[in-house]
Amino acid sequence: MNSNDQSVSSLSAVPRELRVRDVMSATISCVVPAFNEATNLGVLLPRLQSVLAQTGASWEIVVVDDGSRDNTSQLMGSWTANPGFRYVQLSRNFGKEPAITAGIEAAIGDVVVILDADLQHPPELLSKMIERWAVGVDMVYAVRANRDDESFTKRLGTRVFYSLLKGARGVRVPPHAGDFRLMDRSVVDALLRLPERNRFMKGLYAWVGFNSEPIEYVPDARQYGESRFGILKLLRLALTGLTAFTTWPLRAVSLFGFLVSMCSFTYGLYIVIEYLLFANPVDGWPTIVTILLFFSGINLISLGIVGEYIAGIFDEVKGRPLYLVRQTQGRPYTQGAEHG
Ligand code: UDP
Ligand code: MG
């Protein structure tokens with residue numbers, strides 16, 4: 001039995017007078033990005049359905065198929081015959097972040113929950129999140145109680161990344177939080193107003209602000225298949241996140257250039273004085289070569305950093321849509337309506 005199970009059906013635990021939002025009359029949307037997750041979806045959907053049914057609200061589960069090549073579309077074809085299950089198929093694999101954007105754009109709920117298809121995000125946490133929403137919290141984000149399941153290098157990389165990201169002014173990205181979260185309609189609408197192509201979601205969630213609150217969970221192991229985020233993909237994500245939310249690397253380059261000029265000026269002065277005072281014909285082929293190579297390297301790195309920002313601008317300027325939809329199916333489940 002897992003530790004999140006006790007949270008099921010704890011909705012009634014909240015005193016009525018504390019509630020500012022009515023769960024019964026709300027519609028809850030669950031957005032599930034899925035890339036080749038047919039086997040996982042087969043387990044997740046029934047579990048999610050029973051959690052949602054217990055809330056007494058209207059609900060929908062929006063599965064965003066991010067260009068899967070397995071039998072996700074056949075599977076969803078049969079699920080969408082039931083009210084509550086919706087299927088949005090993208091025209092190809094666009095990546096998790098565009099898939100999430102597609103999902104929250106399609107969602108109609110007063111409250112939207114994002115969770116992975118691979119069962120690492122326990123659906124049972126949903127009722128706890130909804131409880132917090134009912135008392136007025138706009139965004140409830142799940143934070144991992146531990147990262148024991150991750151390798152040492154991944155944990156180290158994560159720590160370095162979050163400390164570099166602290167340079168983002170006014171945006172405090174909470175570490176250990178992912179996309180698993182509940183958002184009120186106001187937060188979703190705010191997110192959808194952000195026009196950028198480069199969707200570093202963790203940064204965007206933090207940028208929009210609102211009244212948010214963490215909730216702890218223990219991530220389960222992936223049910224079937226393996227993670228799509230290898231070390232290279234994570235590095236790329238980190239780089240886009242840093243360049244989209246901070247400009248300190250650019251400033252660091254100028255600062256470094258300034259320091260180097262000061263040093264070389266002092267050194268030049270020293271050579272002239274040495275020649276004038278001691279008639280010392282300064283020889284230094286090795287010094288010159290070493291310094292030249294070192295600074296060619298620094299030059300290229302600086303150019304690369306500037307290039308990252310220009311590449312970002314290039315992507316934004318093209319203004320292509322974030323994703324394309326191939327087909328949509330299904331409809332929400334409305335509490336109290338006739339379903340035949
Ligand atoms: N995913 C997606 N598009 C992608 C890669 C992943 O929609 O290009 C989905 C995937 O199906 C899963 C979620 O994003 O539901 C998280 O992916 P994964 O488990 O591979 O990442 P991790 O849990 O290791 O961060
Ligand atoms: Mg996963």
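Two strands count as paired if DSSP finds at least two bridges between them. By that rule β1 and β2 are partners, with P33 standing opposite V64 in β2. This is a predicted model. Its eight-stranded sheet is open, with mixed pairing. The largest nonpolar core has 68 residues. Two helix pairs, α9 with α10 and α5 with α8, are also described below.

**The sheet**

- The strand order is β7-β5-β6-β4-β1-β2-β3-β8.
- The edges are β7 (212-217) and β8 (325-330), each of which pairs on one side only.
- On average, neighbouring strands of this sheet are turned by 20° against each other, with direction ignored.
- Strands of a sheet pair through backbone hydrogen bonds, either parallel or antiparallel.
- β1 and β2 run parallel and are joined by eight bridges.
- β1 (residues 27-34) also pairs with β4 (residues 111-114) in the parallel sense, here over four bridges.
- In the pairing with β4, C30 stands opposite V113.

**Strand β2 and the core**

- β2 is mostly covered, with eight of its eight residues buried.
- One way from β2 point S58, E60, V62 and V64.
- The other way point W59, I61, V63 and D65, and these too are buried.
- V31, V32 and V64 have the most contacts inside the largest nonpolar core.
- Neighbours within four places in sequence aside, V31 is in contact with V62, V64, I100, G103, I104, A107, V112 and I114.

**Helices across the sheet**

- Helix α3 (residues 96-106) lies across six strands by name: β1, β2 (58-65), β3 (85-90), β4, β6 (177-184) and β8.
- α3 runs at about 155° to β1.
- Helix α6 (residues 185-193) lies across β4, β5 (139-144) and β6.
- The angle of α6 to β6 is about 115°.

**Helix α7**

- Helix α7 (residues 201-208) is mostly covered: seven of its eight residues are buried.
- The buried residues are M201, K202, G203, L204, Y205, A206 and V208.
- They pack against α3, β6, α6 and α8.
- G209 follows α7 and has a positive phi, near 80°.

**Helix pairs**

- Two packed helices are described by the angle between their axes and the distance between the axes.
- Helix α9 (residues 248-278) packs with helix α10 (residues 285-318) at an angle of about 155°, with the axes 10 Å apart.
- Angles over 145 degrees count as roughly antiparallel, so α9 and α10 are roughly antiparallel to each other.
- Their crossing is left-handed.
- On the α9 side, P249, L250 and V253 meet S302, I305, V306 and Y309 of α10.
- Helix α5 (residues 152-165) and helix α8 (residues 231-245) pack at about 10°, their axes 10 Å apart.
- That angle makes α5 roughly parallel to α8.
- α5 contributes G157, F161, L164 and L165 to the contact, while α8 contributes L234, A238, G241, L242 and F245.

Note on methods. Residues numbered from 1 in each chain as written. Chains lettered and ligands numbered in written order. Predicted model: local features only at pLDDT ≥ 70, side-chain atom pairs only at ≥ 80, totals over all residues. Axes fitted to C-alpha atoms, helices over the stretch in contact; angles between N-to-C directions. Contact = placed C-beta atoms within 7 Å. Core = buried A, V, L, I, M, F, W, Y, C linked by C-beta atoms within 7 Å. Buried ≥ 20, exposed ≤ 12 C-beta atoms within 10 Å, placed from the backbone. Parallel < 35°, antiparallel > 145°, perpendicular 65-115°, else oblique. Left-handed = near helix turned anticlockwise from the far one by under 90°.
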